[in-house]
Amino acid sequence: MTSRVVATAGHVDHGKSTLVRALTGMEPDRLAEERRRGLTIDLGFAWTRLPSGTDLAFVDVPGHERFVTTMLAGAGPVPAALVVVAADEGWMPQSGEHLDALDALGVEHGLLVVTRCDLLDPEPAREDALAELARSSLAPAGVVEVCAPRGEGLDDLRAALDGLVGAIPDPDPGADVRLWVDRAFSIRGAGTVVTGTLGAGTVRVGDELELGGRRVHVRGLQSLGAPAEAVRGVARVAVNLRGVPREAVVRGDALLTPDAWLAPAEVDVALRGVRGAELEPLPREVMLHVGSAAVTVRVRPLGGGFARLRPERPLPLRIGDRAVLRDPGRRAVVAGVEVLDVLPPALRRRGAAARRAVELAEPGGGTASGELGRRGAVRAVDLEAMGVPRAEIDAVEPAVRADGWLVAPARAKEAVSALAAAVRAHDAAEPLDPGLTIEAARRAADLPTAGLVAAVLAAFPPGPDAVRPQLRDGRVHLGRSRGLPERVRAAMDALRADLTANPFHAPEAGRLAELGLGARELAALVRAGELVAIADGVVLLPDAPDRAVDRLRGVGPEFTLSEARQALGTTRRVAVPLLEHLARAGCTERTDDVTHRLR
């Protein structure tokens, strides 16, 4: 069975609750004080079945100016509105503020209902209201004239409601859940229950959801007063939470699909004047109304109709979310908000705000290609949490996909250029330590993970004559050059001649000094693969260990240190560490305190 949700809107005492009562046969005013005073002061809920068979729930909001925050908590998550105007009073101040709020939220589906048509000719009120709606997101709106206590016009209204909700697109039942809580209470024997309007997605009994950073479990569900195993949006839903104390939940909290939503400390938004009015300068602090939440935000204008908002607490927002900015001091809606970025960059340098406004004005925001191009590098899960569809993320063509990240082609080319410059500068400053470590390369290229270094380099391999950064032996080098100074290469040539003639005669300190090979030079030659260090200050050619094994095979399966030293034609200074090196490599093992054996 299809279900839909509509919120009422309009000035106090224009008959919103009376209308809902007449349509549903239910009392939307839950509180005794509301019924005693005849004044709605909190959200009311009722429902009915339309002629088409669609179940329609109403969120009945208070019309008094003191309760605009409550009105916005009820209307915020709802995709359609019933704007109610009394024929005998016409358009009134709260009619205007409620319409300002709906326009700021971008609500496009609505009906104008003129009530109390038995008291006065409805035409003046109808024409004035239509003129007001014509400047809002609700234009054009259908009109129905009723006298709810007498039942006049209710059949026409039910038919119009059928047409209204039938025009609303079906939300995605597989979407991530974000259920803004508009009411929380306890039931003896059941525990804590929260209610809200589910805009999209599906909630099931047994689901694990997230509430205020903690995981909670759905113990039971109701929709329109009946138990349910699953509820899909758009629908009113009551959720019984297991093990959650009543005081842990307040209006404005949200039940979320775990690990699917970002909770940004700042967001960048587009600002819009309501009902076509020119956008006025905003106060430094205003109230942000989104979903059922009302949060103080600090406003930083960026220019060009854009701003950065810092809410007093993080909110689960996505690109494309609509919200209301209201100035409580003026008791007025001052702007509509469309969220453009929930992971905005820091603004540190002079002129950064103006440059950011230019970026936000560029097309493509909220798309996989647009966000990738704007950010350069972004995690796929963050794109999805921003609100970009998964299929679009999978289809976008970055230069690199690695470690869960996507890197744009332009950003990858910048990284390669930055690596080339960094390696060149490093090799000039440290010629005995050519190439950058992976971590140093990551920092130089400003890449978020070390794995992206190899991926970016692989995306732009060097041509036959190109000198580009290459990953070799765990370091990033420039082209094919090892980067060793000419004097070190000449000393190595002389040392190689010595060791070729006597492979196990490791050079003494005097010979190394004569060649100008200190500790740093030897370390550089070892890193370059020209030498192998078998002990501190004891170096041989890289093939010496293998040649030693071949010679020791001629001694016998077992041998002593003295026999090994004689077979290798070397000194104890070299033989001891060389045998230890062979043992670590698994080539030999000790049989007792004095005897070694080849493996």
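A residue is called buried here when its relative accessible area is under 20%, and in this predicted model the buried residues of helix α8, which spans residues 368-375, are Ala368, Gly370, Glu371 and Leu372. These buried residues pack against a set of neighbouring elements, namely strand β22, strand β23 (377-379), helix α9 (380-386), helix α10 (390-395) and strand β25 (405-407). Just after α8, the backbone passes through glycine 376, which takes a positive phi of about 85°.

Strand β22, one of the partners of α8, also leads to the barrel. Six strands form this closed barrel, in the order β17-β20-β19-β18-β21-β22, and their pairing is antiparallel. From one strand to the next, the twist averages 45°. Within the barrel, strand β19 (residues 293-303) and strand β20 (residues 306-311) run antiparallel and are joined by six bridges; in one of these pairings, valine 299 has leucine 309 of β20 as its bridge partner.

Two helices lie across strands of the barrel. Helix α3, made of residues 68-75, lies across β18 (285-290), β19 and β21 (322-327), and its direction is at about 180° to that of β21. Helix α4, made of residues 93-104, lies across β17 (267-272), β21 and β22 (332-341), and runs at about 10° to β22.

Another antiparallel pair is found earlier in the chain, where strand β2 (residues 44-49) and strand β3 (residues 55-60) are connected over six bridges. Tryptophan 47 has alanine 57 in β3 as its bridge partner. The hairpin of β2 and β3 has five residues between the strands, and in this hairpin glycine 53 takes a positive phi near 100°.

The last stop is a pair of helices, and two packed helices are described by the angle between their axes and the distance between the axes. For helix α18 (residues 561-568) and helix α19 (residues 572-584), the axes come within 10 Å and cross at roughly 110°. Angles of 65 to 115 degrees count as roughly perpendicular, and α18 and α19 are therefore roughly perpendicular to each other. Their crossing is right-handed. On the side of α18, the residues that take part in the contact are Leu561, Ala564, Arg565 and Leu568, and these meet Arg572, Ala575, Val576, Leu578 and Leu579 in α19. Sorted by class, the contact of α18 with α19 comprises seven nonpolar residues, two charged residues and no polar ones. An α-helix has 3.6 residues a turn, so residues three or four places apart point the same way.

Notes: Residues are numbered from 1 along each chain as its sequence is written. This is a predicted model: local features need pLDDT of at least 70, side-chain atom pairs count only at pLDDT 80 or more; totals for chains, interfaces and linings use all residues. Side-chain values use heavy atoms; hydrogens and water are left out. Two strands pair if DSSP finds at least two bridges between them. Helices (H or I, at least four residues) and strands (E, at least two) are DSSP runs, numbered from the N terminus. Axes are lines fitted to C-alpha atoms, for helices over the stretch in contact, and angles run from 0 to 180 degrees between N-to-C directions. Contact means heavy atoms within 4.5 Å. Angles under 35 degrees count as roughly parallel, over 145 as roughly antiparallel, 65 to 115 as roughly perpendicular and the rest as oblique. A crossing is left-handed if the near helix is turned anticlockwise from the far one by less than a right angle, and right-handed if clockwise. Ala, Val, Leu, Ile, Met, Phe, Trp, Tyr, Cys and Pro count as nonpolar, Asp, Glu, Lys and Arg as charged, and the others, Gly among them, as polar. Buried means under 20% relative accessible area, exposed over 50%, partly exposed in between (1.4 Å probe, protein chains only).
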